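Work through the exercises below with the sequence and the model open. Each task is followed by a solution in steps.

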Amino acid sequence: MQGTPVMNVVTRDHITKGKNKKFRNEGFIPGIISGRGMESIPVAVKKDEFRKCLNKFGRNAIIKLNSSDGKEYNVMVKGFQTSPLVYDIIHIDFQKVSLSEEIKAQVSIKIVGQDLLEAKRYVLNRQMDTIWVTGLPQNIPDDIEVDVSNLVAGNTIYLSDLSLPSDLTAIGEADQIIISVNDSRVQEESNEDA
């Protein structure tokens with residue numbers, strides 16, 4: 001695991017649309033820090049700094065925020081809002097975390113070996129792109145790899161089949177289908193019958 005990224009944030013007061021727009025024009029993204037048993041804290045972070053952190057450390061990284069009022073917060077990115085026209089981040093929700101308390105987080109499913117399936121003329125049906133897990137914040141990965149290179153038509157991978165680290169627990173029904181594999185010829189024949 002890489003080191004903990006550190007970002008500086010500016011605390012915001014007197015929140016108005018005009019002030020948020022001014023922050024955005026100055027290269028900041030408005031956001032909020034929230035957590036159990038605390039009042040939400042409005043902040044703003046440099047857009048470039050946040051993008052670099054997200055690209056280098058991933059969405060589920062623990063980030064140390066140094067606030068302009070001298071306080072420090074260990075947080076994870078809970079979510080962010082984007083502008084629909086230019087897909088630019090316009091607001092960030094940070095969740096304050098304790099390194100000794102388990103949290104619930106969404107983790108992407110990364111498919112490995114799909115090109116080998118396609119070479120065999122198999123079709124991969126992906127039922128889920130992400131799963132929910134619980135674990136300590138520092139143990140939450142950005143993704144869970146699923147190797148499909150050895151699968152054949154008729155194979156199914158269920159939630160219970162995923163190889164999770166021992167310190168993570170998947171949330172959901174064990175028989176929930178993640179991936180299934182079909183023979184492309186079967187799909188072609190059923191399309192011709194229709």
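**Exercises on a hairpin and two cores**

The model is predicted. In it, β4 and β5 make a hairpin with four residues between them, and G70 in the turn has a positive phi of about 90°.

**Exercise 1.** Place strand β4 among its partners.

Solution.
- Start with β5 (residues 72-82): this strand pairs with β4 in the antiparallel sense, over four bridges. In this pairing, L65 stands opposite Y73.
- Next take β1 (residues 6-11), which runs parallel to β4 and is joined to it by four bridges. Here M7 stands opposite L65.
- Put together, L65 has Y73 of β5 opposite it in one pairing and M7 in the other.

**Exercise 2.** Which side chains of β4 (residues 63-67) are buried, and which are not?

Solution.
- Follow the strand: the side chains alternate between two faces.
- I63, L65 and S67 point to one face and are buried, that is, under 20% relative accessible area.
- K64 and N66 point to the other face and are not buried.

**Exercise 3.** Describe the largest nonpolar core, then find where I63 belongs.

Solution.
- The largest nonpolar core has 26 residues. I131, I140, V148, I178 and I179 have the most contacts inside it.
- Strands β7, β8, β9, β10 and β13 each supply at least two residues of this core. β7 (103-112) gives the most, with five residues.
- Take I140 as an example: leaving out residues up to four places away in sequence, I140 touches N60, M76, I103, A105, V107, V133, G135 and L168.
- Apart from the largest core lies another, of 17 residues. I63 is among its members, as are V45, F50 and V77.

Definitions and conventions: Residues are numbered from 1 along each chain as its sequence is written. This is a predicted model: local features need pLDDT of at least 70, side-chain atom pairs count only at pLDDT 80 or more; totals for chains, interfaces and linings use all residues. Side-chain values use heavy atoms; hydrogens and water are left out. A nonpolar core is a set of buried Ala, Val, Leu, Ile, Met, Phe, Trp, Tyr and Cys residues joined through side-chain atoms within 4.5 Å. Buried means under 20% relative accessible area, exposed over 50%, partly exposed in between (1.4 Å probe, protein chains only). Contact means heavy atoms within 4.5 Å. Two strands pair if DSSP finds at least two bridges between them.
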